[in-house]
Structure formats: structure tokens, C-alpha cells
Amino acid sequence: MSQKIASDSMHINIEQLQQELNVEQREFNELQQRHFKVRAKMALENEALRKSFRGASDFLMGKRKAVFPDESALSALRDRGEAIRQHSLANLPELLERLEKNLTANGIQVHWAETADEACTIIHDILTANNARTVVKGKSMVTEEIELNHFLEARGIECLESDMGEYLVQLAGETPSHIIMPAIHKNKAQIARLMHARAQTSDGSQVPYTEDVDELIGNARAILRDKFMRADAGISGVNMAVANSGTLCLVENEGNGRMTTTMPKLHIAVTGIEKVVEDFSHVPELLTLLTRSATGQKISTYFNMISGPKKAGELDGPEQVHLVLVDNGRSRIFSHPVLKPTLQCIRCGACMNHCPVYARVGGHAYGSTYPGPIGQVVTPQIAGLEKHGDMLSACSLNGACGEACPVRIPLPELIRELRAEAVSPQFTDAAAVTDATAVQEVMGRGAKRTLGESLIWRGWALTHRFAPLYRIMTTAMTRGRGLFRSKAAAVLLSPWTDSRSTPQPARRSLHELAKARGVADQYQNNTADKRGDNA
Amino acid sequence: MTEQNTTAAASRQPRVYPPKPEAVYLLGTCLVDSFYPEAGMDAIALLQHAGIEVIFPQSQSCCGQPAYNSGYDEQARAVARTQLQAFAADIPVVVMMGSCAGMVHKEYPKLFAGQPEEAAAIALAARSYEFSEFMVNVLQLEQQLAQAEDQSPLTVALHTSCSARRGMGVAAEHKALVENLPGVQVVEPERVAECCGFGGTFAVKQSDISAAMAADKASAIAATGCQRLVSGDCGCLMNIGGTLDKLQGEKQGPAIPVQHLASLLYTRLNGGDGSQISQKRSQQYNKKSGDKA
């Protein structure tokens, strides 16, 4: 088999392959600029993509189910997860101060960034102060959120993603399609082409073409190992930051997180402010909820607890450790009365694994760093409803995400709440809001309100509010039921009837049938009369 | 660590059910009203057979869910207020669909929070029950199905809507009612708990995604070889049934009639002529109207 692949690879014209990949990358970038619906439609028509996501969803749902065999134990654990996260949020300002104090005592330098740009600038400043030109990155969604790689690369600093999935996505010039499995949208053959065309070994030669998974990973491993040895700095995310002990916890499976945080002289950890927990005693339950919900693992292969730089006399570890605490809209979420539970999220990805919409359109359709249900909740809040409000309609409110969430974030309720914010009659211009913490409402509130739609709902309310009007409407519908098969109706109903038969009202409404059958219209409380009769 | 989300924790407590009442309201729902009225009539008949007086307020319309789920809270509230008035007396309310039951039972208290009608909304929510929930937990109907008139063999695929399954938590009640019908064999389609793609305005606003979900659900149901599709939610029935019709029209699938749970129960208990299967009825009508044209 491997011989056959080797002989096939001789016939692969690498220049042609590189050109093809360039075209694909251009198409990807163009598509990301378009409307949600266009991306969703393209994804639905892409059979390979549909297969990748359906397969991944089924696999991951099955894995999660298998490690949570006992429903009541799961429910109790979710209660604990919810309580721990709510406790963290209830005490967030104080816990962050305590975290800073204890991290500083441990020799970790703490930085605060209110915006994405501020976070990038802080990181860039730390790197330049240390003369760092090359960076290896452990997997970190918050650095995707603040678009750190672009920022640093534009300033001449090389950033290399070291998580296998992130590495592939970076090689393809794309963005992650899943927060845990960034390259889940790619199949083996696509990865083989990508590695062959774009990956270079340390001596500058091409990676041989192979579809063998172990060989593919071996090739990437060799390239990354070399980079780890040479990198000036490592940048990682954080899964939990423990306030009482000043410890940064990092969950991973590939060992790249440990390499990123221990091999270079400089380690910069980046996290959203919500990831703080008060005490180490909170960590085991959140950790087990995280790994079981994410990948169906009882525990991850690696669990790193970072509590400071290399001490005098120690051989390993970075000389400096920094933590950048990123707000980027989180304070605003924190002060919203209904949307606050958004910040309970531990980024496990279970909501997207269980979402039937995500399973069909995949992560890129959302056009945002965070896809799926949590993406629909987080993205409009940090990047505004104007730009990202459209994805809110891509939810049937079926509740599968809320049921899967290990910390019981009421995701469907939050999506509904954001829909209400999006069509609110009170418009808040995001550009006019200068102090992000001064207002509670979501950025771009009212941005998706249209005259047409609001008129439809007003008309709907009118006909359903007044009984006589409602009865006139249902009478018209039932008597004119033949019209549902007319050409005019065919046009009006086409979003429905393109893939379904035309629904037709009954000949008589239930109101009419009940009345004709003599079903009482009003409840007569005649208990007293009956008592009187009996006496 | 003392903070607990008490309201969320309370909503997860098992519901306590009242003894059999003398009278109940029937909340027909707007979809049953205009498209599946026989299901409402069958539910009324079942309740009356159990010795309960049924009240059907003529002033009822829609629970308000379509506007609420679209974010138009003010319009949803205006319509919901009409229902608060229509179902004002302190008797249980039996709701014909899981999604509307979820709206009244779970969402009304939120919708009216801080409004003058808050107390009335909380009270209505507390005495509202989804159809199968009431039939099983209040009437124990599942234990009284052995004497059903029609015991002929019938293979049924049961689709429990997401709002019935996850919102109201009544999947077991749905199942108990169908499984205990003599002669009825229940078959389970692949990915039974996955959404059919209806989702109200979702089906219109994201019609491509909705259609893809419906196609998968319809194929899974057709693959069971069932003779009938039964659900407690007419949105799902219209969605899956309509997709099955289309598949059949394109000769890609068998004809599978759809039926509300109440109609299945009534027809099995009382023989075939109580009510009819909605699809058969509409096909007969179409034939007639086609002749006229």
C-alpha cells in the first residue's frame, strides 16, 4: 500500500497542486466575506464536508455518551460545574484581583487588555522587549479571537501553530472550524495534499506525499520539534486560572502545550477574564466535565499546571511567564442581566457536537472564531449584532446544545434573547459606544430590525390578539383552503414547498368543530351550586 | 460556595401532578386549530370519556411562540395576554402540542416578569400540561389501553418533538401511550432525538438548512418501514410529513400518513371511524377539488 502511494506521489505535479491550493484558499477567503446563508448553502452542497461533520458529530456524541453512563451522576456533576462557574462569575472582580496578586507572587507577570488590539499590542511589546522573532503557539481560541497571528506576522514575527489541527488550518490559510478539533472539516486526502504542497522540513525540502495518518503526523511532528527547539517564545491559552494559588491550568492531548510552555525562554499565556476559578478544589470537577464533554476522555493526555518561571537552580522551564487577561467585550456580557451565563463556558465544544445545524453546515459557515451554539451566543456579543446577527436565525431552538452543556448554559434561551436584542426597537450604534462597560445592551442592538418584518409581526399580533379577527382569519383560511394550492401561494410558500408538499388547512377549524359539538366555551364554577343541590 | 441557581435547580425538580380534575381547558394551539382540528376533537373525546368536562374557550388563538422565538417580545406578550384571559379559571389546561405547552409552562413567567400579569402568568404556567403528560400523569391512560377496540397490527414511528423531549421532558409519556396500545409496534428511527428541522420561523428563515434536516429525518423514518408517523407536535408532522410526501411524489419513498398522538389513541380505542388520518383526508379533498377544477 505505501509503495503504491509512493509511486503515485511521483506523478503529483507539486506546482499544479500548489496552484490548486492557492485557488482554494482564495475561494475560502472570498466565501468568508459573504452572507451566512450563502456559506450555509455552499456547505450543504459540499458532500465531503457534510460527511466530515456528520461523522465527527456522531463519533463525538457517542464518545461523550459512553463516558457519562449514569444520567443522575451526570446531572449532579453538571450541577456542580454550573455552581462552580456561577460562583466564579459572582465574584469575578475580586477573584481576578486575587489571581493577579498570587500570580505576581509566583513570578508571573500579569497584563490587562480591554480590547483585542490592546491584547495584541501588549503581546507584541513583550516579544520585542525580549527580541523574540519566532513564536510557537499552543492551541488557544482567544488568540484566534483577537487575531494575534495576523497582528504579529504583519510586524515581522513568525507564528507557528503547534496543535496538529491548528497547524493544518494555518498551513491552508484558513480558520478553525471547531474549537477543539480545528481541522475537522478536512479529510485524509485533503490533508495529504496540503502537507505535500505546503509543509517544509527543517532543511527546506517538501514533505513526501502520503495518506498514511501515522506518517502524516510523524512528518508534522518532525517539523514542529525543530521549531520548538528554536523558538524564541511560546504563546498558549489557559483552561482554568486558579486565583488562590496563582496557577494556570492547560488541558491538551498532543504534548505541544507542554513544549510551548516549557521549551522557549519566554512563555506568554493569554486568556479571557472569565476563565478564573477560586480554588484548586474546583479544578477536578471542571476538568472531568471538560474532557468528557469535549472528546469523551476521562482525562486528557496532558494536564499542565503552570505556577511560575524557572527557579534558580532548575534546568527546565521558561525564564519569564506572562499572563494577558483579555476583556474584549466580556465586561459587557458580565453586566447583562440575561446573557451573563455566556461567561460560564469552559470551551469544550459539546454544544457544537450536538447541534444538528452545525452538523450540517460546519464551522466555517458561521464566519466567526467560535462556531455552533456558543459561537452564536458569544460572537454577536463581542463583535456586534450588525456583523454577526444573521447567524442567530440558524437555530431551530431544539435544545440539544443546552442539554449537552456541562455547565448548564441555557444556550437556546440566550440565542432567543439575542434575537430579541437584534430586532429591538431601540437601536444602539456600536461605533458610538466608547466605554464598553458603561452600557448593558449588546453592541449593535436593533441592527437587524427591518420595517417589513416588524410590520408582519404587528399584523400577526393584531389578528391573534382579538378573537373576532382571529376567527375571521381562520374562517378565511379554512374556506379558502383551495387557494393554498394556487400559483400565488406556490410563490409565497416556496421556502416551505420547495422541499415539502403544500400544507392545506382543514375544512373546519377546531373552534368551529368544538362549538358545533357543544363543547363549553366558558368554565362555570358551579361547585357551590352542586353543594347546595346535595344539601 | 453558597450561590446556587435556585430557579434553574427548582425547574429541574420533578413535577407534582394533581388528582383527576372535574374540568379542564383545552388549549388547541393555532396549528391544530386550522390544520389538524381532528386531533383536538379526539383529545376532547378522550378527556370526556375519562369523565372530565372539557372547556374550549372560543377566544383562544395562539400561545405567542412564533413572535417570542423571533425576538418580538412585545407582540408575543400582546397575544399571550389574550390567552391569560381565555384560560383564567383555576382549572388545569391541556395543551395539544409540546412546543406550545413549553411556551406556556416555561416561557410565560419570563415573558411576563415585571408585568402586571406576572402572577396570572405564573399561575397559568403551573396548571398547564402537555397532552401526553396529562394523559399519563393525571389520568394514567397508558394503563387503560388493553381494551382498545382496534387491535390490528400497526407499525408506528414515534417522533417526539424537541420541545416535548427536552423542553417539557415528556418523551417517556409519549412512548408509554403508544407502546401500550395493543397491536401497535413502535419502531425507532436512526438519531431519534435529533431535531426534524421545523423550528417555526427557522424553517422559513433558514429554509436550506431546515430542508436538509427534514430530508434526513424523513429518510430515517422511511427506513424504519413504519406504516404511520405519530407525534404530539403538528409542526413536526407538517414538516416531516410534507417532506415524506415530496419523496413519495418523486418516487423516492413510501406513502407514510401522519397523525397526532391524540388521534392515534382515539381511533385505536374506539375503532377506525372516530376520526381520520389527516393526510388521507386532505388527499381525498384534493382529489375532489381537482375534479371540480
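Colleague: Let's start with chain B: of its contacts with a separation of 6 or more, what percentage comes from residues 24 or more positions apart?
Modeller: Two residues are in contact if their C-beta atoms, placed from the backbone, lie within 7 Å. Take the chain B contacts with a separation of 6 or more, and the share from residues 24 or more positions apart is 75%.

Colleague: And what kind of model is this?
Modeller: Residues are numbered from 1 along each chain as its sequence is written, while chains are lettered from A and ligands numbered from 1 in the order in which they are written. Local features need pLDDT of at least 70, side-chain atom pairs count only at pLDDT 80 or more, totals for chains, interfaces and linings use all residues, and the model itself is predicted.

Colleague: How many helices and strands does chain B have?
Modeller: Helices are DSSP runs of H or I with at least four residues, strands are runs of E with at least two, and both are numbered from the N terminus. On that basis, chain B comes to 15 helices and eight strands.

Colleague: What share of chain B is buried?
Modeller: A residue is buried if 20 or more other C-beta atoms lie within 10 Å of its own, exposed if 12 or fewer, and partly exposed in between, with C-beta atoms placed from the backbone. Chain B has 293 residues, and the buried share is 56%.

Colleague: Chain B is divided into domains, so how far apart are the centres of domain 1 and domain 2?
Modeller: The bounds come from an automatic or database domain assignment. Domain 1 of chain B covers 20–136 and domain 2 covers 142–292. Taken over C-alpha atoms, their centres are separated by 22 Å.

Colleague: Which helix gives the most to the side of domain 1 of chain B that touches domain 2?
Modeller: In chain B, 28 residues of domain 1 are in contact with 28 residues of domain 2. On the domain 1 side, α2 (30–35), α3 (37–49), α4 (65–70), α6 (98–111) and α8 (131–137) of chain B each supply at least two residues. With seven residues, the helix that gives the most is α3(B).

Colleague: How many residues on that side of domain 1 of chain B are nonpolar?
Modeller: Ala, Val, Leu, Ile, Met, Phe, Trp, Tyr, Cys and Pro count as nonpolar, Asp, Glu, Lys and Arg as charged, and the others, Gly among them, as polar. Sorted that way, the side that touches domain 2 of chain B has five charged residues, eight polar ones, and a nonpolar count of 15.

Colleague: Which strands are at the edge of the open sheet in chain B?
Modeller: Two strands pair if DSSP finds at least two bridges between them. The sheet has four strands in the order β2-β1-β3-β4 (chain B), with parallel pairing. Pairing on one side only marks the edge strands of chain B, namely β2 (53–55) and β4 (128–130).

Colleague: What angle does α3(B) make with β1(B)?
Modeller: Axes are lines fitted to C-alpha atoms, for helices over the stretch in contact, and angles run from 0 to 180 degrees between N-to-C directions. β1 (residues 23–27) of chain B pairs with β3 (residues 93–95) of chain B over three parallel bridges, and B:L26 stands opposite B:V94 in β3(B). α3(B) packs on this sheet, touching β1, β2 and β3 of chain B, and its direction makes an angle with that of β1(B) of about 170°.

Colleague: Why is helix α14 of chain B largely enclosed, and how many of its residues are buried?
Modeller: α14(B) runs over residues 261–270, and it is largely enclosed by the rest of the structure because so many of its residues are buried. Those residues, including B:L261, B:Y266 and B:R268, pack against α3, α8, α10 (171–179), β6 (184–187), β7 (228–231) and β8 (258–260) of chain B. Of the ten residues of α14(B), the buried ones number nine.

Colleague: Over in chain A, at what angle do α11 and α12 cross?
Modeller: Two packed helices are described by the angle between their axes and the distance between the axes. A:K188, A:I191, A:A192 and A:M195 of α11(A) make the contact with A:V213, A:L216 and A:N219 of α12(A). The axes of α11 (residues 188–198) and α12 (residues 213–230) of chain A come within 11 Å and cross at roughly 35°.

Colleague: Last one: which helix supplies the largest share of the side of chain A that touches chain B?
Modeller: Across the two chains, 63 residues of chain A are in contact with 65 residues of chain B. Six residues, spread over a helix that covers 451–465, make up the largest share of chain A's side, and that helix is α22 of chain A.
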